[in-house]
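User: I would like to learn how to read the contacts in a model of this kind. Could you take me through them one feature at a time?
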Amino acid sequence: MTNKINWEFPQALEDEAIYILRETAAQFEKPVLLFSGGKDSITLVRLAQKAFYPGKVPFALLHVDTGHNFPETIQFRDWLVNSLGLDLIVRNVQDSIDQGKVQEETGKYASRNALQTVTLLDAIEEGKFDACIGGARRDEEKARAKERIFSVRDEFGQWNAKMQRPELFDMLNGKINIGENVRVFPISNWTELDVWNYIRREKLEIPSIYFAHEREIIERDGLYWPYSPYLNTTDDEVPYRQKVRFRTVGDMTCTAAVISEADKLEDIIAEIMEAKISERGARIDDKRSEAAMEKRKQAGYF
Amino acid sequence: MEVLRIATSGSVDDGKSTLIGRLLYDTNSIPQDKMEALHAASKRKGLDFTDLSLLTDGLVAEREQGITIDVAHIYFSTPTRKYIIADTPGHIEYTRNMVTGASNAQVSLILIDARKGIVEQTHRHFFIASLLRIPYLVVCVNKMDLVDYSQARFNQIVEDFQQLLDNSAFKDQEVKFIPISSLHGENVASHTGAINWYEGPALLEYLEQVSFDHQDSRHPARFPIQSVIRPKTAAHHDFRGFAGKVTSGHFSVGDEIISLPSGQKSKIKTIEQFEKQLNTAHARESVVITLEDEIDSSRGNMLVKTDNVAEQRKEISAYICWMDQQKLTAGKTYLLQHGINRVKAKVQQLHFVTDVTSYQEVTDKKEMGLNDIGKITLKTAAPIFADLYQENPANGAFILIDEFNNTTVAVGTVI
């Protein structure tokens, strides 16, 4: 069976996400929306706007900045926050490094992606956030496929897969003890394609790195890595210019590019439908082991 | 585009994960890198075939033991439908996770190992599917390759299953039997030719044509208020809207409504969905409703239409499925959450616990343990406005929350 392109966004998913966001605002004292500047968190921002309209979004955005972001993403983040009149909180991984709480990885594969967890947990504690809304989707990764919509974490941010609360019908139980927090995933049931079709339907702006553009890359382990001052390269890894785009927006040291000519949404969607590699196939951090995501989640990763 | 929600269930090792893996494989939903990871993982485990079940067992503990512990949600699409599969565990100790997966399903898939036939878990899963009144049931008789694709064996299982159907209280379920082999893909997405005596549809063909009759829309109109939106901005100074999701039925501009529990009446002035104005809001749509009059309503209240007002209940009879290690005992107080509304509730009486294999009601029980299903009576501190589950499932279920550790300990249906 071949997949024909379906441009239609399943409306039921938006209604469900809005319901979840409203429950989050009602059940928690101080929710925050985890914002990375990627397509999933951009989608969340749109949903939050819709959920509380004509009122304003009743929570701030929290960006854990690794310092190794694509400059285009940061530019986009600031533009979005300004144009929609949202509150933005930024916490820097660099501060956690300076405080000696985490240690920078070394070597060829050094990345700050895992270090984010500590900065995130500190930000949660400091801001007294009892709910963190994230754009994770169950189709991304098999450990994520197991996650509840209201996912309770202990005071160390830990996820205990065996102790998850049953989640029945659409009744969400956000009752927690002081110190605990809940990760909320309104777009759990969306797939990568649903997100793209939604962005297309809603005519949302997205960072330019999602569209094909020329940039310097190196090849390593069969993947195309964006060349940047943050990447530790060996002498034989020579950067060259290539037309590429990115399927996910992560850290510049752990997000691989795909070679592409897709410079508009329709082409991106067509390309995803044809793609032989999964979305997270280009996330280098997931390739560390079969249980990479589960381990990060146990440690408090979002 | 329609979304079809499916819950799978079956006993351990009857091949649920393989069936799902096969559905994904046959609909081209497994990208190459994931397929390669599957080959590698299968090889590491010393298997001489690609174990598609490794695709869904996402936790380390599951892969170690080769069993499914928790619900995995899996997605695939065809040109006409988006499918959400809740892959639920077969082990008896994880029944609560099975109920979790099944509670939102329109289709229940029960797998039976053709060699073993109906086992205890089949009874349990069928019982839960009937209790939740899941409208479509597909019984997949799997591993047909291991019984030489025997028609007689298949017919025997269908006949045995008929007894379960005869005992069920829920008679409106549409039941379909399909002989399949997940391992070889026979009758999963299509026919491979191994079974020529079966003339019905393959599983996917069946799922593609299951009709949605939008039952929720025909049920009485219910609108629980999630929050009150009062922007107090220059542009919307006097705006006061009730945000929520229509549970069942539909509401239109001009409808006369009653706010529960106050009983105050008004008329719907507008129905809004972001910047759009709607004439009607249907079941499951998230909207904001404004009224003609300033009536006192807040979170947890419910708007209903004057022609069908939900019954006020302070004493509730219900079937519940107990989901916690700590037992339920009569006299204990819990938090009852009905939709979004929470009230204190006391267990007045435990009437019986059902033996799900024999349908016997065991009346001398003093407590309910993990995964038990039975009938209780609850008394609530404030009225709730629930319908009978059999008349309006969307407004007839609730959960119980332990006041001390905040866990969801039970799910109930009002009877």
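**Reading the interfaces and the backbone**

Analyst: Domain 1 and domain 2 of chain A bury about 2800 Å² between them, with 55% of that area on carbon and sulfur atoms. The model is a predicted one.

User: Why quote an area at all?

Analyst: The size of an interface is often given as the accessible area lost when the parts come together. In domain 1 of chain A, the residues that lose the most area to domain 2 of chain A are A:Phe70, A:Lys108 and A:Trp196, together 26% of what that side buries.

User: Where do the two domains of chain A begin and end?

Analyst: Domain 1 of chain A is made of two segments, 11-203 and 289-299, while domain 2 covers 208-287. Their centres, taken over C-alpha atoms, are separated by 23 Å. Domain 1 of chain A brings 32 residues to the contact and domain 2 of chain A brings 34 residues.

User: How many salt bridges are counted between these domains of chain A?

Analyst: A salt bridge here needs a side-chain nitrogen of Lys or Arg within 4 Å of a carboxyl oxygen of Asp or Glu. Three salt bridges are counted between domain 1 of chain A and domain 2 of chain A. One pairing is A:Arg215 with A:Glu72, at 3.4 Å from N to O. Polar contacts are a separate count: 12 residue pairs across the interface of domain 1 and domain 2 of chain A, both residues at pLDDT 80 or more.

User: Which elements of domain 1 of chain A give two or more residues to the side that touches domain 2 of chain A?

Analyst: They are helix H3 (71-84), helix H6 (192-202) and helix H8 (292-298) of chain A. H6(A) gives the most to this side, with six residues. By residue class, the side of domain 1 of chain A that touches domain 2 of chain A has nine nonpolar, 12 polar and 11 charged residues.

User: What area do chain A and chain B bury between them?

Analyst: Chain A and chain B bury about 6000 Å² between them, 53% of it on carbon and sulfur atoms. In residues, 63 of chain A are in contact with 78 of chain B. The rule finds four salt bridges across this interface of chain A and chain B. B:Arg5 and A:Glu16 form a salt bridge, their closest N and O atoms being 3.0 Å apart. There are also 23 residue pairs in polar contact across the interface of chain A and chain B, both at pLDDT 80 or more.

User: Which helix gives the most to the side of chain A that touches chain B?

Analyst: Helix H1 (11-27) and helix H2 (39-52) of chain A each supply at least two residues to the side that touches chain B. H1(A) gives the most, with 11 residues. The residues on this side of chain A divide into 24 nonpolar, 16 polar and 23 charged.

User: Which peptide bond of chain A is cis, and where does its proline lie?

Analyst: The bond from A:Tyr53 to A:Pro54 is cis, with omega near 5 degrees. A:Pro54 is in the loop between H2 and strand E2 (60-65) of chain A. In chain B, a cis peptide bond joins B:Leu260 and B:Pro261, with omega about 10 degrees. B:Pro261 is in the loop between strand E11 (256-260) and strand E12 (264-273) of chain B.

Methods. Residues numbered from 1 in each chain as written. Chains lettered and ligands numbered in written order. Predicted model: local features only at pLDDT ≥ 70, side-chain atom pairs only at ≥ 80, totals over all residues. Heavy atoms only, no water. Contact = heavy atoms within 4.5 Å. Buried area = accessible area lost by both parts, 1.4 Å probe. Polar contact = N/O pair within 3.5 Å; in protein donor to acceptor, adjacent residues only side chain to side chain. Helix = DSSP H or I, 4+ residues; strand = E, 2+ residues; numbered from the N terminus. Nonpolar A, V, L, I, M, F, W, Y, C, P; charged D, E, K, R; others polar. Domains from an automatic or database assignment.
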